[in-house]
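Notebook open, coffee poured. I am going through the sheets of this model and what lies against them, one entry at a time.

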Amino acid sequence: MMAFPRCDKTVAWTALQAHYRAHGQDLDLRQAFARDAGRFEAFTLQAPELFADLSKNRWDLLTRQLLIDLARECGLEARRDAMFAGAAINTTEGRAVLHTALRAPRGQGLFSDEVHGVLDRMLAFAEGLRDTASSGIRHVVNIGIGGSDLGPQMVVPALDAFAHPGITMHFVSNVDGHDIAPVLRRLRPEETLFVVVSKTFTTQETLANASVAREWFQAQGGQDIARHFVGVTTNLQAAAAFGIDNTFGFWDWVGGRYSLWSAVGLAVAIAVGAENFRRLLAGAHAMDQHFAEAPLETNLPAQLGLLDVWYRNFHGFTSRSVAPYHQGLKRLPAYLQQLEMESNGKRVDLSGEPLPYATSPVVWGEPGTNGQHAYFQMLHQGSDVIPVEFIAVKHPTHPHLDLHAKALANCLAQSAALMLGKTTESALAEKAPTGSTGLGPLTVARHRSFPGNRPSTMLLLDQLTPRSLGALIALYEHRVFTSGVIWGINSFDQWGVELGKALANDLLPRLVGAQDGAGLDASTAGLLAWLQRG
Ligand code: F6P
């Protein structure tokens with residue numbers, strides 16, 4: 001792989017800094033729209049299954065061109081091609097990164113025989129279970145954490161309109177027993193399938209919860225563990241040692257947070273069926289093709305990733321809020337937190353050198369309109385500028401069209417309000433609200449004014465279907481890849497989670513064995529002592 005300069009050493013970076021100082025920092029979206037009648041057309045893109053409006057972002061045509069130049073100087077296209085070709089771009093683990101191969105049509109991607117072999121078997125198994133009259137299965141419990149949980153847990157409610165009505169899906173991830181206990185209370189062993197998902201099959205939380213599930217199953221008189229427990233893992237031996245023989249494998253070139261498309265998606269396949277699971281893969285594959293082939297000038301994931309760099313490194317924005325105006329996407333922000341923050345929350349470059357610039361923003365959010373009645377106050381009038389990403393669908397998968405119109409109106413209104421704001425003069429001209437008679441009208445108007453010029457992106461889907469959801473998720477994967485390439489980091493390892501795991505292993509025997517806190521820092525030792533007291 002060719003060496004590329006670090007982003008802050010490129011010609012484009014210097015040009016972007018100058019452009020930011022001259023025009024970027026003061027860009028006012030209202031004026032930009034007033035100046036350019038073609039702004040909406042210039043900054044909207046059609047990608048597979050998605051229409052994206054990037055025009056309410058604080059950039060202009062020159063910013064976009066310089067960001068594209070930056071991408072080219074940093075080797076985005078070459079690195080993207082290397083990922084698709086199976087190069088070991090996860091350098092610290094010496095692994096290829098090939099989640100794209102999981103959704104390539106039969107015969108077209110790398111490892112196609114293996115991928116489609118497991119896929120066919122997994123989907124046949126799912127279909128067998130969906131025949132509830134013969135399988136007897138009414139409840140499926142996915143036990144896994146992180147990438148072995150968040151994907152299925154996000155997709156299952158998102159595709160509820162396509163789900164089997166007679167099977168209830170449950171998700172258990174947390175090692176805190178308050179997660180599994182209420183689930184088990186609602187189950188009967190003969191109607192339940194436990195899907196134990198762990199890439200490594202060594203994760204403490206998952207193995208602990210799987211053990212609790214097995215004990216419960218046996219204590220309730222459950223027969224035939226082999227029929228009621230299935231494993232999804234790259235470590236078939238460890239699954240067998242745990243007592244699970246019915247397993248679906250995947251491969252070390254599938255990162256945990258990119259594994260939804262493998263047998264990790266078994267819970268999804270059980271919920272929505274084989275055909276819909278294949279549509280999910282097809283949608284993701286369509287986005288893969290777009291990312292692989294579209295020039296950067298019209299490449300949506302690339303442009304979103306570049307905009308992230310512009311906001312993080314030039315504007316200094318520290319977070320991005322995700323607001324899906326679709327209740328089915330209620331778990332999307334949590335899913336994106338792992339995807340983006342575990343991937344790009346890094347502080348050294350590929351050769352281990354500390355970086356002098358910021359990387360992953362904080363990603364957070366809730367479905368609209370709920371967020372409007374919680375933290376949108378801060379988005380509109382707080383002291384920080386937080387770019388917001390709205391996601392909405394043209395057609396709902398429910399019959400309540402009046403509700404849908406209201407959701408859409410709110411979504412468009414929030415995006416417009418963030419940009420337009422309200423001047424103190426306009427607020428003054430309004431009738432003063434009741435209850436403010438003790439304050440002068442100007443004081444009240446200042447409280448009621450909005451700075452505006454707050455950026456947002458709008459992603460519109462025709463409808464939330466397996467295919468469009470697949471495209472949406474793949475869009476995010478490639479966007480995270482793009483910003484990771486610009487920052488020159490390894491987006492595919494996660495060493496940052498290891499230290500806490502090691503310390504927990506040290507603390508556990510102290511807690512259960514009532515040992516003292518010798519060798520611990522004073523705070524941890526003090527907390528341990530408090531927990532051990534009477
Ligand atoms: O602890 C972080 C992590 O390794 C994630 O990257 C991963 O998705 C999760 O744990 C679960 O790991 P596993 O699938 O091996 O149980």
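**Entry 1: a pair of strands.** Which residue in S5 does Val140 stand opposite? I looked it up, and it is Leu193. A reminder to myself before going on: this is a predicted model. Val140 and Leu193 belong to the pairing of strand S3 (residues 139-143) with strand S5 (residues 192-197), which is parallel and runs over 5 bridges. Further along, I noted Asn142, whose bridge partner in S5 is Val195.

**Entry 2: the sheet around S5.** I then traced the whole sheet. It is open, with 5 strands in the order S4-S3-S5-S6-S7 and parallel pairing. At its edges I found strand S4 (168-172) and strand S7 (247-249), each of which pairs on one side only. Neighbouring strands here are turned against each other by 20° on average, direction ignored. Helix H7 (residues 112-130) packs on this sheet and touches S5, strand S6 (229-233) and S7. The direction of H7 makes about 145° with that of S7.

**Entry 3: S5 from both faces.** On its other pairing, S5 is joined to S6 by 4 bridges, and the two strands run parallel. There I found Val196 of S5 opposite Gly231 in S6. I wanted to know how many residues of S5 are buried. The count is 6 of the 6, so S5 is largely enclosed by the rest of the structure. In a regular strand, side chains alternate between the two faces of the sheet. I checked the directions here: Thr192, Phe194 and Val196 point one way from S5, while Leu193, Val195 and Val197 point the other way. All of these residues are buried.

**Entry 4: the mixed sheet.** Next I turned to an open sheet of 6 strands, in the order S1-S2-S11-S10-S8-S9, with mixed pairing. Why is one side of S1 and of S9 left without a neighbour in the sheet? Strand S1 (44-47) and strand S9 (362-365) stand at the edges and each has a single partner strand, so nothing in the sheet lies along the other side. From one strand to the next, the twist averages 20°.

**Entry 5: pairings within that sheet.** I went through several of these pairings, starting from the S1 edge.
- S1 and S2 pair in the antiparallel sense over 4 bridges, and Ala47 stands opposite Leu50 in S2.
- The hairpin of S1 and S2 has 2 residues between the strands, and in it I noted Glu49 with a positive phi near 70°.
- S2 and S11 are also antiparallel, joined by 4 bridges, with Ala52 opposite Leu459 in S11.
- Strand S10 (residues 388-393) and strand S11 (residues 456-461) run parallel and are joined by 6 bridges.
- Leu459 turned up again here, as the bridge partner in S11 of Ile391.

**Entry 6: the helix on the mixed sheet.** Helix H22 (residues 466-487) packs on this sheet, where I listed its contacts with strand S2 (50-53), strand S8 (319-324), S10 and S11. The direction of H22 makes about 150° with that of S11.

**Entry 7: H22 with H15.** I also followed H22 to helix H15 (residues 274-293): the two pack at an angle of about 40°, with their axes 7 Å apart. H15 and H22 are therefore oblique to each other, and their crossing is right-handed. From H15, the contact includes Leu280, Ala284, Met287 and Phe291. From H22, it includes Leu469, Ala471, Leu475 and Phe481. I looked up the make-up of the contact of H15 with H22 as well: its residues divide into 12 nonpolar, 5 polar and 3 charged.

**Entry 8: a threonine in the loop.** My last stop was Thr465, in the loop between S11 and H22. Is Thr465 buried or exposed? At 18% relative accessibility, under the 20% cut-off, Thr465 counts as buried. Apart from its neighbours within four places in sequence, Thr465 is in contact with Leu159 and Phe162. I also took the separation of Thr465 from Ala409, 56 residues apart along the chain: their C-alpha atoms are 21 Å from each other.

Conventions
Residues numbered from 1 in each chain as written. Predicted model: local features only at pLDDT ≥ 70, side-chain atom pairs only at ≥ 80, totals over all residues. Heavy atoms only, no water. Pairing = 2+ DSSP bridges. Axes fitted to C-alpha atoms, helices over the stretch in contact; angles between N-to-C directions. Contact = heavy atoms within 4.5 Å. Parallel < 35°, antiparallel > 145°, perpendicular 65-115°, else oblique. Left-handed = near helix turned anticlockwise from the far one by under 90°. Nonpolar A, V, L, I, M, F, W, Y, C, P; charged D, E, K, R; others polar. Buried < 20%, exposed > 50% of the residue type's maximum accessible area, 1.4 Å probe, protein only.
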